[in-house]
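Please open the model in your viewer, show the side chains as sticks, and keep the selection panel at hand. The tour moves from charged pairs to a loop residue and then to aromatic rings.

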Amino acid sequence: MSDAGAVQIRLASAADLDALVGIEDSFPDEDRFAKRTWKRLLIGHTVAHVAVLDGTVVGAAVLLFRRGSRAARLYTLSVAPELQGKGIARQLLAAGEAAAKQKGCERMRLEARESNQNAILLYERSGYRVIARVPGYYPNGETAVRMEKPLGSSESSSR
């Protein structure tokens, strides 16, 4: 595969389902989404982006939206293990932030495993700040770090 700079970010579709499940296969069982979960995510109140490199889906990010809320939630951000650390997650994150702003959201929130220091560092470098710790958030009992970033999409985002 070529350099991660050649990655294209586009909206995900049902045609990406098998590729999305394939990326998940490399993650620990408790962190994987089943095929039915991906199907729901691709048709719900979501915006899903995929990263494509040399015609292959190598990453994904899914945002959730709730009616009446000015906050988007980054539900998942994943990159194929062999391509982690090459800026793909940052590109997916930026695409998600742009989509959230376009939908009128003022901020983006996410949760990360407290032990996932690489993810937390990525988010901090992208302007996210810890707003809470949620003990027992994950199925194995691990604490989540809840983070948020103002998106600056409206005058009330400066609060």
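Begin by selecting R107 and E148, which form a salt bridge in this predicted model, with their closest N and O atoms 3.6 Å apart. R107 belongs to strand 5, which spans residues 107-113, and E148 to strand 7, which spans residues 144-150, so this pair ties together parts that lie 41 residues apart in sequence. If you colour by accessibility, R107 is partly exposed, with a relative accessible area of 23%, whereas E148, at 19%, counts as buried, because the cut-off for buried is under 20%.

Keep R107 on display and add E106, whose side chain also meets that of R107 in a salt bridge, here at 3.8 Å from N to O. E106 has a relative accessibility of 5% and therefore counts as buried.

Next, stay with the two strands and select E111 and R146, another salt bridge, in which the closest N and O atoms are 2.9 Å apart. Since E111 lies in strand 5 and R146 in strand 7, this pair ties together parts that are 35 residues apart in sequence. E111 counts as buried at 15% relative accessibility, while R146 is partly exposed at 25%. Now select R70, E106, R107, R109 and E148 together, and you have one network, joined by salt bridges that share partners. How many salt bridges does a search of the whole structure find? The search finds 10, and you may wish to keep those shown so far on screen as you move on.

From here, go to T143, which is found in the loop between strand 6, residues 129-134, and strand 7. Is T143 buried or exposed? At 18% relative accessibility, T143 counts as buried. To see what surrounds this residue, leave aside its neighbours within four places in sequence and display its contacts, which are A112, R113, E114, R133, V134, P135, G136 and Y138.

Two of those contacts, R113 and Y138, deserve a selection of their own. R113 lies over the face of Y138, at 4.2 Å from the ring centre, and Y138 counts as buried at 15% relative accessibility. For a second charge placed over a ring, select K103 and F65: K103 lies over the face of F65, at 5.3 Å from the ring centre.

The last stop concerns rings that pair with other rings. A pair of aromatic rings is described by the distance of the centres and the angle of the planes, so both values are worth checking in the viewer. The count for this model comes to two aromatic pairs. Select Y123 and Y128, which form an edge-to-face pair, 5.9 Å from centre to centre and with 65° between the planes. Y123 counts as buried at 7% relative accessibility, and Y128 counts as buried at 0%. Then select Y137 and Y138, whose ring centres are 4.9 Å apart and whose planes stand at 80°, so that this pair, too, is edge-to-face. Y137 counts as partly exposed at 31%, whereas its partner Y138 counts as buried at 15%.

As a closing view, leave Y138 selected and bring back R113, T143 and Y137 around it: R113 lies over the face of Y138, T143 is in contact with Y138, and Y137 forms an edge-to-face pair with Y138.

Conventions: Residues numbered from 1 in each chain as written. Predicted model: local features only at pLDDT ≥ 70, side-chain atom pairs only at ≥ 80, totals over all residues. Heavy atoms only, no water. Salt bridge = Lys/Arg side-chain N within 4 Å of Asp/Glu carboxyl O. Buried < 20%, exposed > 50% of the residue type's maximum accessible area, 1.4 Å probe, protein only. Helix = DSSP H or I, 4+ residues; strand = E, 2+ residues; numbered from the N terminus. Contact = heavy atoms within 4.5 Å. Phe/Tyr/Trp six-rings, centres within 6.5 Å; stacked < 30°, edge-to-face > 60°. Lys NZ or Arg CZ within 6 Å of the ring centre and 35° of its normal.
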